[in-house]
Amino acid sequence: MLFLSGYGQERRTRSADNEVWVGFTLKKQVSDRVTLSLDQQTRTMDNLEGIRANFLELGMKYELSKHFAVKGQYRYTIRNNSKNTERLSLDLSTKWKYKPAKLTFKYRLRFQNSVVEYTGQNITYLRNRFTMQYKISKKWQTYVEYESFFKFNQKNEFRGNRYTLGAKYRISKQMNINAFYQIDQEINVKHAFRENIFGVILQWEI
């Protein structure tokens, strides 16, 4: 239902921008159920001509069971025009494996609230992400994702869709690399904006 509500309201785009996202993720499993994480990313803008944002994010994930987990995160983002933001988010996630076809299905529900330091503006979203992952070999995995963005401020409505196609390669037991192409699409605005994003994230499990 959430997918159809967001998808059915897309409008013609005003323009498009090409971006590159690069960063790394460090993970440390401190117990059978608890994992700590540190994420850093740099994101470009204006067709790679400038830096749009740099952020650092701390997270803690707790495994409720084999199939369900909860994760809390704090992110600080440095942006242009002194519009730095602080963000708190809470994730509820589940996954299910269909081993005969080497498929993994994942769903993540995220509630996030950001505060712009310069203006004090609150930006609140509810995000739904669906992932289907296919295991090609011991080292290679490919995946597709769809994510919807529901905004609560001013008008309570869907404001964006995100489509992702990616692949993960395991370099070693502790390290892998994730490369993806992503389309970020605004909806329910008069002149919608689209971003074409190319990303590379290096992940290291301590």
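**Salt bridges, a core and a surface patch**

At 10% relative accessibility, Arg 108 counts as buried, because the cut-off for that label is under 20%. This is a predicted model, and Arg 108 is a good place to begin reading it. The side chain of Arg 108 forms a salt bridge with Glu 147, at 2.9 Å from N to O. Glu 147 lies in strand E8 (residues 140-151) and Arg 108 in strand E6, so this pair ties together parts that are 39 residues apart in sequence. Glu 147 is buried too, with a relative accessible area of 3%. The two also belong to a wider network of salt bridges, in which Arg 108, Arg 127, Glu 147, Arg 162 and Asp 184 are linked.

Let's follow the charges further. Side chains of opposite charge can pair when their charged atoms come close. The whole structure holds 11 salt bridges, and Glu 57 takes part in the next ones on our tour. Its side chain meets that of Arg 75 at 2.8 Å, N to O. Here strand E3 (residues 50-63), home of Glu 57, is linked to strand E4 (residues 68-79), home of Arg 75, across 18 residues of sequence. Glu 57 also forms a salt bridge with Arg 87, at 3.5 Å from N to O. That pair joins strand E3 to strand E5, with the partners 30 residues apart. Glu 57 is buried at 6% relative accessible area, Arg 87 is buried at 8%, and Arg 75 is buried as well.

Now for the nonpolar side chains. In soluble globular proteins, these tend to be buried together. The largest nonpolar core in this model has 5 residues: Trp 21, Tyr 143, Phe 180, Ile 197 and Ile 201. Beyond its neighbours within four places in sequence, Phe 180 contacts several residues, including Trp 21, Tyr 143, Ile 197 and Ile 201, along with Thr 164 and Leu 165.

Leu 165 brings us to the surface, where it forms a nonpolar patch with Trp 96, Tyr 98, Phe 105, Met 132 and Val 144; together they have about 550 Å² of accessible area. Phe 105 sits in strand E6 and counts as partly exposed, at 31% relative accessibility.

Finally, have a look at two backbone angles. Most residues other than glycine have a negative phi. Lys 102, in the loop between strands E5 (85-98) and E6, has a positive phi of about 55°. Asn 188, in the loop between strand E10 (175-186) and strand E11 (192-205), has a phi near 60°. Lys 102 is partly exposed at 45% relative accessible area, whereas Asn 188 is buried at 12%.

Terms used:
Residues numbered from 1 in each chain as written. Predicted model: local features only at pLDDT ≥ 70, side-chain atom pairs only at ≥ 80, totals over all residues. Heavy atoms only, no water. Patch = residues over 30% accessible without salt bridge, like charges linked within 9 Å, V, L, I, M, F, W, Y side chains within 5 Å. Areas by Shrake-Rupley, 256 points an atom, 1.4 Å probe, with all protein chains shown as cover. Salt bridge = Lys/Arg side-chain N within 4 Å of Asp/Glu carboxyl O. Helix = DSSP H or I, 4+ residues; strand = E, 2+ residues; numbered from the N terminus. Buried < 20%, exposed > 50% of the residue type's maximum accessible area, 1.4 Å probe, protein only. Core = buried A, V, L, I, M, F, W, Y, C linked by side-chain atoms within 4.5 Å. Contact = heavy atoms within 4.5 Å.
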